[in-house]
Amino acid sequence: MVKKEGKMNRRNFLKCSGQAILLLGGMSMLHACSSIKREDIPRSDSEKTSIKGLEKDEMEILDYASLAPSGHNTQPWTLKIVEPKHWVIGSNKKCWLPAVDPENRELLLGIGAFIENLVIAAGTFGYEVDLQIIAKSPMDPEIADIRLKKGKTLDFPLAKVKQRRTVRSGFADQEIKTEDLKYFTRHEARACLLANVPSPHSFFFPNHSPQGKYLQEGTIEANRKQAFRDPAQEELANWIRWSNKEAKLYRNGLTPESMEIKGIAGLFVRNFYDRQSVLKESFRKQTVDIVAKQVKTCGGWLVVTSQDSSIPTLIEYGRVWENMLLKVREKMIALHPMTQMLEEEPWRKQIAKELSLTSEVQWILRMGYLKSYPDPVSLRMPVSWFIQA
Ligand SMILES: Cc1cc2nc3c(=O)[nH]c(=O)nc-3n(C[C@H](O)[C@H](O)[C@H](O)COP(=O)(O)O)c2cc1C
């Protein structure tokens, strides 16, 4: 649970901000109170040096892996060092989201994205990765066995891994071009890395199509249902780091900056919002209003389906998704996961049929061209924090 330490009350805030304005001038004050971004918490020297059992290049590989996306930015991965270059990737129960992801479906997608970053980063350091899925149930603490073996060096610009981020606003209305869609959904031709996992299928629906309208409406209504479902909202509240102090302390979860609450609004929420604010009716309504605005403006929807929801399939789909995400920035496209229809009834059960799809929906992605691509801001824990003894 998020601690509420270090909060200013309204009177102190006004007193402090009034003095600061007098001293520094309005703009400087805003800067002084600006929100925490990833670049504001660089790895300290001790976090960069190797930890027992890991060489420096292994630390770097894991640092890149940890830049993967995850629901509510919980960063649910763990790492057990079995022996040099032999690890077990697991899931941290404290990061599960039972209210919105009771079957750990999304958790496994996030861990798949982590594994994809790991494989790419290891490749650039001259390692091939031998990957075995060991989990039998999505609730198992141990998910995958990883061995790094010296192999061919992969030529991949790791800056792409560093620059990937989720963008939620500023989408143009322009429909996504067919050649761009083809470019980053080429995963259908990708050799399946895990045995017996059929390649994913992606379906694109323009926003003005009947399916696009269904996705718009469904996303708004599923968000409304979730925002007013207390366990889901309480779970969200636990993962929001309103103050800079909390952000620095936890280095995970959602910050005002990562939720794209900027400027004066950002300054306000950082100082006055807390866990209880998320549970207020006004906050819940505002969330739905923001979603309603978001879904109206976009370049279409990408829906990705699979034949089953087995553990290897979900891990592979997380990998494929991360691969897609690493390609979209160069096309100035944002891919915004909007998962509420897959989390709430009746949409969860009905969506495939409503879209005339015969298999299970794993991703609903709102897409759009951006004028400028913002830099990543969501926080990451250092490698030592997710290593298990
Ligand atoms: C399985 C999964 C589901 C997600 N669902 C949503 C969502 O419904 N809405 C949203 O705004 N972001 C969603 N995200 C994005 C995460 O919030 C985001 O990855 C996380 O905050 C880290 O930020 P970054 O992607 O910019 O690094 C999802 C991510 C994953 C992996």
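## Helix α5 and the sheet it covers

In this predicted model, α5 lies across four strands, β1, β2, β3 and β4 (142-150). Against β3, the helix runs at about 155°.

Those strands belong to an open sheet of five, ordered β3-β4-β2-β1-β9, and the pairing in that sheet is mixed. At the edges sit β3 (127-133) and β9 (387-388), each of them paired on one side only. Further in, β1 and β2 run antiparallel and are joined by six bridges. If you want a spot to look at on that pairing, try Leu79, whose bridge partner in β2 is Ile89.

## How α4 packs on α5

Helix α5 (residues 105-124) also has a helical partner, α4 (residues 56-65). Two packed helices are described by the angle between their axes and the distance between the axes. For this pair the angle is about 140° and the axes are 7 Å apart, which makes α4 oblique to α5. The crossing of α4 past α5 is right-handed.

Which residues of α4 and α5 meet? On the α4 side they are Glu60, Ile61, Tyr64 and Ala65. Facing them from α5 are Phe114, Asn117, Leu118, Ala121 and Ala122. Sorted by character, the residues of this contact come to seven nonpolar, one polar and one charged.

## Strand β8 and its two partners

Over to β8 (residues 360-369): seven of its 10 residues are buried, so the strand is largely enclosed by the rest of the structure. One of its partners is β6 (residues 300-306), which runs antiparallel to β8 and is joined to it by seven bridges. Within that pairing, Val304 has Trp363 of β8 as its bridge partner.

Strand β7 (residues 333-337) is antiparallel to β8 too, with five bridges joining the pair. Here Ile333 stands opposite Tyr369 in β8.

## Met338 and Thr166: contacts across the sequence

Met338 sits in the loop between β7 and α15. Is Met338 buried or exposed? It is buried, with 23 other C-beta atoms within 10 Å. Set aside its neighbours within four places in sequence, and Met338 is in contact with Thr219, Ile364 and Arg366. Two of those contacts, Ile364 and Arg366, have numbers that fall in the β8 range, residues 360-369. The C-alpha atoms of Met338 and Leu365 are 6.0 Å apart, although 27 residues separate the two in sequence.

Thr166 makes a similar point from another loop, the one between α6 (159-163) and α7 (178-184). Thr166 counts as partly exposed, because it has 16 C-beta neighbours inside 10 Å. Its C-alpha lies 6.2 Å from that of His336, a residue 170 places away along the chain. His336 is also in contact with Thr166, as is Pro69, once neighbours within four places in sequence are left aside.

## Backbone oddities

A few loop residues deserve a second look for their backbone. Asn73 has a positive phi of about 50° and is not a glycine. You'll find Asn73 in the loop between α4 and β1 (77-83). Asn73 is buried, with 24 other C-beta atoms within 10 Å.

Lys85 likewise has a positive phi, about 65°, without being a glycine. Its loop is the one between β1 and β2 (86-91). How many C-beta neighbours does Lys85 have inside 10 Å? There are 20, so Lys85 counts as buried; the cut-off for that label is 20 or more.

Then there's a cis peptide bond, running from Glu345 to Pro346, with omega near 10°. Pro346 lies in the loop between α15 (340-343) and α16 (347-354).

## The chain as a whole

Zooming out, the secondary structure of the chain adds up to 16 helices and nine strands. Of the 389 residues in the chain, 38% are buried. As for contacts, take those between residues at least 6 apart in sequence: 78% of them join residues at least 24 apart.

Terms used. Residues are numbered from 1 along each chain as its sequence is written. This is a predicted model: local features need pLDDT of at least 70, side-chain atom pairs count only at pLDDT 80 or more; totals for chains, interfaces and linings use all residues. Axes are lines fitted to C-alpha atoms, for helices over the stretch in contact, and angles run from 0 to 180 degrees between N-to-C directions. Helices (H or I, at least four residues) and strands (E, at least two) are DSSP runs, numbered from the N terminus. Angles under 35 degrees count as roughly parallel, over 145 as roughly antiparallel, 65 to 115 as roughly perpendicular and the rest as oblique. A crossing is left-handed if the near helix is turned anticlockwise from the far one by less than a right angle, and right-handed if clockwise. Two residues are in contact if their C-beta atoms, placed from the backbone, lie within 7 Å. Ala, Val, Leu, Ile, Met, Phe, Trp, Tyr, Cys and Pro count as nonpolar, Asp, Glu, Lys and Arg as charged, and the others, Gly among them, as polar. A residue is buried if 20 or more other C-beta atoms lie within 10 Å of its own, exposed if 12 or fewer, and partly exposed in between; C-beta atoms are placed from the backbone. Two strands pair if DSSP finds at least two bridges between them.
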